[in-house]
Amino acid sequence: MKALRALVTAEAHIFVRDKASMTFTFLFPLLFIVIFGYLMGGVGTAEGAKVGLYVAPKVAAARLEAAVAEVGVADVVRIAAIPDLEKAIKDRKVDFGAEWDGTTLRFVYDVRRTQENFTFQELARGISARFELANQGRRAILDVRSVVEGGEARADWFTLVVPGILAFSILSAGLFAVAGHVTSMKQRRLVERLVVTPMRPVALLAAVVIVRLAVVFVSTLVTLSVAILLFHVPFHVNWFLYAVFLIAATLGTMGLGTILSLLVKQPSSASNLANVFSMLMLFLSGIYFPIEIMPAVLRELSLILPLRHMADVMRYVTGVMDMSALRFWVICGVFLAVGVGLLPILSRYVVRVDRR
Amino acid sequence: MEETALRVTKLRKSYGEVHAVDGVSFAVPVGRVFTLLGPNGAGKTTTLEILEGIRDADEGEIEVLGRRVRRIDRATKERMGVLLQEGNFEPYLRVREVFSLFASFFRSARSPAEMLKAVALEDKAGAFVKTLSGGQKQRLAIGVALINDPELVFLDEPTTGLDPQARHNIWSIVSNLTASSKTVILTTHYMEEAESLAQKVCIMDHGKVIAEGTPRELTSGLGQDTIVEFVVPEDTEFPTAVTARCALVLGEGGLVSTKTSDLAPTLGCLLDWSRSSGVPLAEMAVRQPNLEDVFLSLTGRRLRS
Amino acid sequence: MNGILHLARTQLVTALRERITLFWFLIFPVFLLALMGFIFTNVGKTQDLTFEVTIVNLDRGTRGGSFGASVVETFRELATSSAPGHPSLFRLHEPEAGNDPHGYLADEIAALRIGKRAAVIVIPEDFSESLYAAAAGPKSADAPATLVTVHTSGGRTSSEMALGVIEQVVARVDQEILAKLGLFDAARAVTVDQQLIGAESQTFAYIDFLVPGVVVMGFFVAGLFSVPGTILFGRESRVLRRYWVTPLSVPRFLVGFSLGHLALCGVQFACVWILGRFAFGAHVKLFQPLAIAYLVLAIVTFLAIGFLVAALARTPGAGMAIANIINMPLMFLGGLFFPTGAMPPALRAIMLTNPVTYIADGLRASVGVSPSAYGHAASIGVPLAWILGCAVVAAFRLKWDVGR
């Protein structure tokens, strides 16, 4: 017990004094959230879209204007000539344009506004659907009423990304606790100095786990708070499930780190491998891009990526998305089993003397 | 008078209150192996680094191959070769690529093929540096130090950490150097290395030169005495008569030594005592004084501290 | 000269021989281009996506028939038809004959909540009645629309996408019903078109927008990470010190090192361009003087930033940490991948001082992908200022050996 306390204190000091670790664990996710919050917050919502409208001379505009207004854009700006409309779009005075010459309704977009154009095109579809009918003096007699069940009704791209970033920071913390910190100790032969004392290797590992858990809790809470306070992300956190998942995921990702460390010949290569692995997962797990817009083969692949499931669970415990209780407990169970199950192997790895 | 390859006068280098090099002066004749000897922290490496151009001295004069310089400049480096105490090569370069690379830094240099042969690394020509053993890496480093066929070669602790076989390989390379009239400045804390290679020795301690001369001159300063050493159980008490008559010096771990100009009576006294007391004289050695003894007599400490 | 060329070669071959460098500087940009290229050229096309959709028809119908049934039929057709080689858009779930539809609906909504369904469509009981009434009424133009309820799962993109598709289908069905009722003349339908502007070339494709961005990103990562990494690790492990005891001077080393870095970036560029050109059909004209000038400017700017990082860090670990911190804002606030829309002043300031912003803008303008937003003077001037600033700081602060 005395040894464990001392080890925990030492591990905590080591972590806090290591500027690189502190930066990655705390600053990184925060930077992410802040940058993406300001860049992308609001993308995916139609509010605030300004439409530039050009109607050819002697062509009636009223019905088109009405259709545009009905769809719920923020503002409609009438523009006198097509070149002016294009200029207004390029200068971002309007978000997209609509040209009506009496037979063709052309929507004009700025090619550089990649992400936003999806939303604008949806608006345009709504406008054209209404206008098609309005042009013949009709209204739709059939329409859709949308009801959101479970999860967060106002979930935009950013609301979905934040739990993904939280999941990623848990992954990094767990993964690099082993394939970074422990392997570095092994590389520098620090572990040997401890192992030749009566200290039990499991005590060292327990200390690493305890400190990492504390770190994960603090960093995710800080990131969550920033997202909520600064960007008003509509989270409803189930704290019990949040805690359960954090513990299971931290242990599980440490287990993953163990697997990676065993795959490499040199302990120092473990963190490189972990970096590659985590970066690839970040792109393929539906965090940056929704899974649905990825190629089919990558969608299938994502099912075996731990981060994909971690992101889903984080969305669940933050109330963004619903999930079956069974799935939640199975995922947590698997992570816990991997983590706890691999601890003896990690323990043996730690004490194993490698040939120089 | 012998030509001087290197002359150092009153060299000083301090780090705050610590005088790492404190007024060091010596001269190295051309074509000799000159050894700087001393324990860790004596100032050998700092002295050498100043002469290699890695550090600047605070004070002092340096004359290299007839040129007086304030600091080691490019022209001097063209004529020098340096083996660093600590240093690495790019791990993903092949051995012959390392030689090619370093050869390109000099106006004239030997070919990689020649160097591979000179340091016996021909069968490792295509190997990556990261795959070499400690001894092979050191041979590579020596080869690089000699790539420009230098007149003056600095070897800083060339055999530290090497096994005996590797060490002997390095020694034979060094011997070949002087055979071709190169001047070698060697630092080591291995006494046997200094005794076997050096033609002139300079003993340093605490940043100062405390003795200088050939190995024979230095050891003969201890007189014609013979050293007798043996080991007894630690709690052994010698009768006062024996201690006084044999001038015993009691060391740690039961090591006892004495210096005598009259070997037979001293040995006789010790053997008589051993027989009568029943205390065996283990690991007895009778030898001539060496540089370690010189250092011990000058500083009261051993070279290998 | 010989030493310089050898150093350049050393820099290039050691980078390519180290697997991890090979990954980050060649494989990763290519992977990113492939992934984003695929995503952005296929966006909006849901050929390979099948939505699990439930439809529950509660329509009582009228004497004249059931509109609800025709709506269900439309969705059934979509669930069975597909383009060759692609799965169908929907996998449709319906209650079996004799099942209690309300009970079934409750089960399906439960399944929807946990992601087993993308959407649940409910056709209300008075669907047909309401539609007939709307069609036949005197002021049919003003009557409220009959609503089909679509239940979606919160926080699930697939649900949102399914909703979008369903809305389009319903709009089509709406037109068909109106046409059947003689209230809509399909022959007089409006032609709907779309146009993308901001591209100078006629044959613009997304990949032409992406390739310059990925190229610049690759150079950026190479400069920001590889340069300080090599120098700081070389310094700490005393690889550099072995050079300094030879006649090699720091300026000559810098020239050789920079040439090697240029060559590495050249290899990187070749890999990205080849993938863009031959796998995605990019037409972007990168081999013309102004574009090449921007590419070289990019390499040199990021090389200078790399030296700046090496100058600011005392250890390799610190250097990598600094590089990682700088990486994110410069990369994401440079308009490389994400539109830099409405931003608070602080982030806008970063964007406007970020050399990546200007280089990306200038490069895209030079290849005709989009007009220059800042003008070539700024696009060249700001990076040049960065080069100068970094060089000055590095000249004073960068230590080439440990413990001097």
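Does Asp91(A) count as buried or exposed, and how many C-beta neighbours lie inside 10 Å of this residue? In this predicted model, Asp91(A) has 10 C-beta neighbours inside 10 Å and therefore counts as exposed. Its place is in the loop that links helix H4 (82–90) of chain A to strand E3 of chain A. Arg212(A) offers a useful reference point: 121 residues separate Asp91(A) from Arg212(A) in sequence, and their C-alpha atoms are 49 Å apart in space.

The domain assignment of chain A helps to place these residues. Domain 1 is made up of 2–40 + 156–351, and domain 2 covers 50–134. Between the C-alpha centres of domain 1 and domain 2 of chain A there is a distance of 46 Å.

We can turn next to a sheet that draws on two chains. Five strands make up this open sheet, in the order E2(A)-E1(A)-E3(A)-E4(A)-E5(C), with mixed pairing. At its edges are strand E2 (75–78) of chain A and E5 of chain C, each of which pairs on one side only. On average, and with direction ignored, neighbouring strands of the sheet are turned by 25 degrees against each other. The link between the chains is made where strand E4 (residues 104–110) of chain A pairs with E5(C) in the parallel sense, over seven bridges. Within this pairing, Val108(A) has Gln195(C) in E5(C) as its bridge partner. Helix H3 (residues 62–71) of chain A lies across three strands of chain A, namely E1 (50–55), E2 and E3 (96–100), and runs at about 170 degrees to E1(A).

A second pairing also joins chains A and C. Here strand E5 (residues 142–149) of chain A and E4(C) run in the parallel sense and share eight bridges. Opposite Ser146(A) stands Val150(C), a residue of E4(C).

These pairings can be set beside the contact as a whole, to which chain C gives 82 residues and chain A gives 73 residues. On the side of chain C that touches chain A, the elements giving two or more residues include helix H2 (19–42), helix H4 (101–113), strand E4 (146–153), strand E5 (191–197) and helix H11 (316–332) of chain C. H6(C) supplies the largest share of this side, with 15 residues. By class, the side of chain C that touches chain A holds 52 nonpolar, 22 polar and eight charged residues.

The contact between chains B and C takes 22 residues from chain B and 20 residues from chain C. On the side of chain B that touches chain C, helix H2 (74–78) and helix H3 (95–103) of chain B are the elements that give two or more residues. This side of chain B divides into ten nonpolar, five polar and seven charged residues.

What lies in the interior? The largest nonpolar core has 210 residues, and the members that touch the most others are Ala119(C), Ile121(C), Val216(C) and Phe307(C). Helix H6 (residues 157–187) of chain A gives the most to this core, with 18 residues. Apart from this core lies another, of 78 residues, which includes Leu48(B), Phe105(B), Val184(B) and Val209(B). Returning to Ala119(C), and leaving aside neighbours within four places in sequence, its contacts include Phe51(C), Val53(C), Ser159(C), Ala162(C), Leu163(C) and Ile166(C). Ala119(C) is also in contact with Val150(C), His151(C) and Thr152(C). Val150(C) thus appears twice in this account, as a contact of Ala119(C) and as the residue opposite Ser146(A).

Notes
Residues are numbered from 1 along each chain as its sequence is written. Chains are lettered from A and ligands numbered from 1 in the order in which they are written. This is a predicted model: local features need pLDDT of at least 70, side-chain atom pairs count only at pLDDT 80 or more; totals for chains, interfaces and linings use all residues. Two residues are in contact if their C-beta atoms, placed from the backbone, lie within 7 Å. Helices (H or I, at least four residues) and strands (E, at least two) are DSSP runs, numbered from the N terminus. Ala, Val, Leu, Ile, Met, Phe, Trp, Tyr, Cys and Pro count as nonpolar, Asp, Glu, Lys and Arg as charged, and the others, Gly among them, as polar. Two strands pair if DSSP finds at least two bridges between them. A nonpolar core is a set of buried Ala, Val, Leu, Ile, Met, Phe, Trp, Tyr and Cys residues joined through C-beta atoms within 7 Å. A residue is buried if 20 or more other C-beta atoms lie within 10 Å of its own, exposed if 12 or fewer, and partly exposed in between; C-beta atoms are placed from the backbone. Axes are lines fitted to C-alpha atoms, for helices over the stretch in contact, and angles run from 0 to 180 degrees between N-to-C directions. Domain bounds come from an automatic or database domain assignment.
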